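Here is a walk through one chain, going from a single loop residue out to the fold and back. Keep the viewer open as you read.

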Amino acid sequence: MSLWQALLSSLSTFLYCSLPPFPSPTRFFLSSFTIFPFSNSNSHLTPSTSTYRKIKCTYATMPPYQEDLVATETTTTTKDANGAGVLDLKTLIEELESSIEVPSVFICPISLEPMQDPVTLCTGQTYDRSNILKWFSLGHNTCPTTMQDLWDDSVTPNTTLRHFILSWFSQKFLAMKKKLEDVQGTALELLDTLKRVKGQNRVRALKQLRKLVDSHLSTRKTVEENNGLALISSLLGPFTSHAVGSEAIGILVNLDLGSELKRNLMQPAKVSLLVDIMNEGTIQTKMNCAKLIQTLLVEGNPSETVVLSSLSLLVGVLRLVRDKKHPTSVLTGLILLKIVCSRESVRSTIVSIGAVPQLIQLLPTLNNECLEIALNILEVLSTLPEGRLALKECPNIIPSVVKLVMRVSESCTQFALSILWAIYKLAPEECASKAVEAGLAAKLLLVIQSGCNPVLKQKSAEFLKMCSLDYSSSILISKCMLTATIQWKWRKICS
């Protein structure tokens, strides 16, 4: 490289890195002054106008110069969202990076993250200080972007770009802070409105508040801290319209309900409204009702019998489980049904409304998460005589359950074997015959050889012995198509 090229590059780097931040009147000077980072093209240094234009355009979109936005040489902080303390550039980037699109000129070419301490090399390329120093520590003596050999390995702080970055992030942070304050103010206004209005005006206010609660975590805190929970809960009663109830439930399901409020929601009139809305509302409303009921039942409230005694609730939950068009609703319904089944007092009722055949019919269509919950419910119901009878009477129940052994998870295998064992105790010969025909013996041997827990292995070994009682060794081996190794293991277990 010639001497004049080196001097020209050094002058450009000096101008590019050393210009201080300018107040608004000086912007025209900056926009008309050509700051050209250089790039290598055909062995000659040529101005990289694209980088210049990016900086120029980004800075041109900033608001008029303000002392509280653009920091001075010694100050690189701005107030936090609560107006207390300060946030430095690193914190600002962490707060905003995931929620906004950062201009590419602020991105370090090495880490592809916003630069916190930009420095410029002799080639005119700018990097974050920590990244370029790490590059040098690895033994490189080139510019990472252009791959030019560096004739000067010193780095020059790019104070101008650094102030641009700080100003841009400060502007975005203050805008976010103002938006947050506006949202919280709107939430407080809506809470005040709900105290005064009725009819469609109440529905509109609740709908607006629900949207805010859905999209802003800060709104939830505002509602909780300003007695909003008690206010919204008071709107639910025997004469509440479904329109008001649906919106109120949509808000409550996203908030942190205290024990006192949960007891309040357990009142018969409120439970009756909740169940009615779950049976007649939209799919989202049904899911909200199911989630709210889950919350009320999780703590084992003494007054939960008011909820559990509702036959309409159980019917509504099964409708939710059968909704194949909405997989999320199936999962929500199954979780609630599992919680309900954990109460012995209602298991017989669940069996009597046809839950067992409906769940068996759904098994082939469920994803792994839903499948495990469904099998768990069936296992619980199989502890009842009427539950075992309902399982036995389901068509193709044994082949359907045998397919699930060693298919999804160890828990699913355990649930499936418990269900088969319950049917076996009711009709041993019939169950053993169908299970062997469906290939259960081979799967039981796989369970015994696997790393499953000892209890499951022991149950599999006992089941295998029961299945082998009605068959000779040769017939069982031929039906199961066992390999020579598995045949030897089977003889050892059954001997």
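## An exposed loop residue

Let's start at the surface. Glu393 has a relative accessible area of 58%, so it counts as exposed. You'll find Glu393 in the loop that runs between helix H20 (385-392) and helix H21 (397-402). Pro357 sits 36 residues away from Glu393 along the chain, yet their C-alpha atoms are separated by 8.5 Å. Bear in mind that this is a predicted model.

## How far to trust it

The average pLDDT over the chain is 76, and 74% of the residues score at least 70. Which elements mark the two ends of the scale for mean pLDDT? Helix H19 (residues 368-381) has the highest value, at 93, while helix H2 (residues 27-32) has the lowest, at 32.

Two stretches call for some care. Residues 1-8 have pLDDT below 50, and the model gives this stretch seven contacts beyond near neighbours in sequence. Residues 484-488 are also below 50, with four such contacts. Where pLDDT is low, the predicted coordinates shouldn't be read in detail.

## The chain as a whole

Zooming out, the chain holds 27 helices and seven strands. Of its 495 residues, 47% are buried. The exposed area of the chain comes to about 24700 Å², and carbon and sulfur atoms supply 54% of that.

How much of the contact map joins residues at least 24 apart? Taking contacts between residues at least 6 apart in sequence, the share is 65%.

## Nonpolar cores

The largest nonpolar core has 104 residues. The members that touch the most other members are Leu209, Leu297, Leu334, Ile350, Leu363, Leu366 and Leu440. Apart from this core lies another, made of 24 residues, including Phe106, Phe136, Phe164 and Leu166.

Leu363 is a handy place to look around. Leaving out residues up to four places away in sequence, Leu363 touches Leu371, Ala374, Leu375, Leu378 and Leu404.

## Two helices to look at

Helix H13 (residues 283-298) makes a neat geometry check. Its 16 residues, at 1.5 Å a residue, should span 22 Å, and the end C-alpha atoms are 23 Å apart, so the two agree. Plenty of H13 is buried, including Thr285, Met287, Asn288, Ala290, Leu292 and Ile293. Cys289 is on the buried list too, with 0% relative accessibility.

Over in helix H8 (residues 217-225) you'll see Thr222. Thr222 has a relative accessible area of 9%, under the 20% cut-off, so it is buried. Beyond residues up to four places away in sequence, Thr222 touches Gln184, Ala187 and Leu188.

## A buried loop residue

Is Met115 buried or exposed? Its relative accessibility is 1%, so Met115 counts as buried, even though its place is in a loop, between helix H4 (89-96) and strand S5 (118-120).

The neighbours of Met115, not counting residues up to four places away in sequence, include Leu89, Ile93, Val105, Phe106, Tyr127, Leu161 and Ile165. Arg162 is 47 residues from Met115 in sequence, but C-alpha to C-alpha the two are 7.9 Å apart.

## Cysteines

How many disulfides does the model have? The count is zero. As for individual cysteines, Cys370 has 3% relative accessibility, so it counts as buried, and Cys289 is buried as well.

Technical notes: Residues are numbered from 1 along each chain as its sequence is written. This is a predicted model: local features need pLDDT of at least 70, side-chain atom pairs count only at pLDDT 80 or more; totals for chains, interfaces and linings use all residues. Side-chain values use heavy atoms; hydrogens and water are left out. Helices (H or I, at least four residues) and strands (E, at least two) are DSSP runs, numbered from the N terminus. Buried means under 20% relative accessible area, exposed over 50%, partly exposed in between (1.4 Å probe, protein chains only). Contact means heavy atoms within 4.5 Å. A disulfide is a pair of cysteine sulfur atoms within 2.5 Å. Accessible areas come from the Shrake-Rupley method with a 1.4 Å probe; for residues, only the protein chains shown count as cover. A nonpolar core is a set of buried Ala, Val, Leu, Ile, Met, Phe, Trp, Tyr and Cys residues joined through side-chain atoms within 4.5 Å. The expected span of a helix is 1.5 Å times one less than its number of residues. pLDDT is the predictor's confidence in each residue, from 0 to 100.
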